[in-house]
Amino acid sequence: MIDNMKHRKKLGIEMGRVTAEEYKALPDSGIAVVLDNVRSAHNVGSVFRSADSFKADRVFLCGICATPPSAEIHKSALGAEFSVDWEYCSRTMDAIEKLRAEGYEILCVEQALDSIMLDRFTPETGKRYALVFGNEVDGVDQEVIEASDGVIEIPQYGTKHSLNISVTAGIILWHFRPGQD
């Protein structure tokens with residue numbers, strides 16, 4: 001017989017959550033997220049939530065991305081827009097140039113020629129990565145892809161050839177999470 005009590009859901013106080021202030025005081029992970037013209041504020045909020053969950057240091061909101069404060073972002077971010085630092089850049093290339101100057105390797109998440117499949121990519125310990133995610137329809141802008149250091153692609157096996165940006169960000173950020181060695 002299965003002991004259902006050992007499988008009960010955790011209470012909030014059992015999850016060891018940190019406050020937004022404690023989150024900001026945690027050591028940097030070396031992960032930055034760049035959103036290239038993501039049009040849905042709900043997707044932006046979902047990326048904030050995944051960025052918080054997997055300890056990204058910053059989110060760059062570029063072009064047409066909505067920015068906090070926004071009720072739509074807050075609805076899906078559940079407050080993660082307060083724990084994860086963010087910056088707005090009118091041009092994605094400005095964010096790329098800033099992050100490269102700070103020593104980040106720029107990796108676009110896109111279906112491209114010569115992309116590296118995610119299951120074949122191992123992040124290097126101690127290296128800083130800027131992960132670029134694109135628009136829901138057009139993906140990452142070609143100029144940004146050409147300026148990047150590489151392209152990572154999530155293997156897919158079904159009839160569809162894309163994932164929602166919020167799902168993609170969760171998968172990628174989990175793969176790059178700190179302390180996975």
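In this predicted model, helix 2 and helix 7 meet through a set of residues from each side: Asn43, Ser46, Val47, Ser50 and Ala51 come from helix 2, and Ile165, Ser166, Ala169, Gly170 and Leu173 come from helix 7. Packing of this kind can be put into two numbers, since two packed helices are described by the angle between their axes and the distance between the axes. Here the axes come within 9 Å and cross at roughly 15°. That angle makes helix 2 roughly parallel to helix 7, because anything under 35 degrees falls into that class. As for handedness, helix 2 passes helix 7 in a right-handed crossing. Along the chain, helix 2 covers residues 41-53, while helix 7 takes in residues 165-176.

Helix 7 also holds Trp174. With a relative accessible area of 45%, Trp174 is partly exposed, since that value sits between the 20% and 50% limits. Which residue lies 119 places from Trp174 along the chain, yet 9.5 Å away by C-alpha atoms? That residue is Lys55, found in the loop between helix 2 and strand 2. Lys55 itself is buried, with a relative accessible area of 13%. The backbone of Lys55 is worth a look too: phi is near 65°, a positive value in a residue other than glycine.

Asn37 tells a similar backbone story, with a positive phi of about 60° although Asn37 is not a glycine. This residue belongs to the loop between strand 1 (31-36) and helix 2. Asn37 is partly exposed at 25% relative accessible area. A further backbone feature turns up at Pro68 and Pro69, which are joined by a cis peptide bond with omega at about -5°. Pro69 is located in the loop that runs between strand 2 and helix 3 (71-77).

Moving on to strand 2 (residues 58-62), this element includes Arg58. Is Arg58 buried or exposed? Arg58 counts as buried, at 14% relative accessibility, because the value is under 20%. The side chain of Arg58 makes a polar contact of 2.3 Å with the side chain of Glu102. Glu102 is just one of the residues that Arg58 touches once neighbours within four places in sequence are set aside. The others are Ile31, Ala32, Val33, Val84, Asp85, Glu87, Lys98, Leu99 and Tyr104.

Next come the cysteines. How many disulfides does the structure hold? The count is zero. Cys62 is in no disulfide, and the nearest cysteine sulfur, which belongs to Cys89, is 4.9 Å away. That spacing rules out a disulfide because the two sulfur atoms would have to be within 2.5 Å. Cys62 counts as buried, at 0% relative accessibility. What about Cys108, and why does its sulfur have no bond to that of Cys62? The Cys108 sulfur has its closest cysteine sulfur in Cys62, but the 11 Å between them is too far for a bond. Cys108 is buried as well, with a relative accessibility of 0%.

Towards the start of the chain, Ser83 serves as a handy reference point for two residues. Glu22 lies in helix 1 (residues 20-25), and its C-alpha atom is separated by 8.7 Å from that of Ser83, 61 residues apart along the chain. Val18 sits in the segment before helix 1. Between Val18 and Ser83 the C-alpha distance is 9.7 Å, with 65 residues separating them in sequence. As for accessibility, Glu22 counts as partly exposed at 41%, and Val18 gets that label with 43%.

Finally, where is Thr159 placed? Thr159 is in the loop between strand 7 (150-153) and helix 7. Thr159 is exposed, with a relative accessible area of 70%, because the cut-off for that label is over 50%. From Thr159 to Ile31 the C-alpha distance is 31 Å, for a pair that is 128 residues apart in sequence. Ile31 has come up before, as one of the residues in contact with Arg58.

Methods: Residues numbered from 1 in each chain as written. Predicted model: local features only at pLDDT ≥ 70, side-chain atom pairs only at ≥ 80, totals over all residues. Heavy atoms only, no water. Helix = DSSP H or I, 4+ residues; strand = E, 2+ residues; numbered from the N terminus. Buried < 20%, exposed > 50% of the residue type's maximum accessible area, 1.4 Å probe, protein only. Polar contact = N/O pair within 3.5 Å; in protein donor to acceptor, adjacent residues only side chain to side chain. Contact = heavy atoms within 4.5 Å. Axes fitted to C-alpha atoms, helices over the stretch in contact; angles between N-to-C directions. Parallel < 35°, antiparallel > 145°, perpendicular 65-115°, else oblique. Left-handed = near helix turned anticlockwise from the far one by under 90°.
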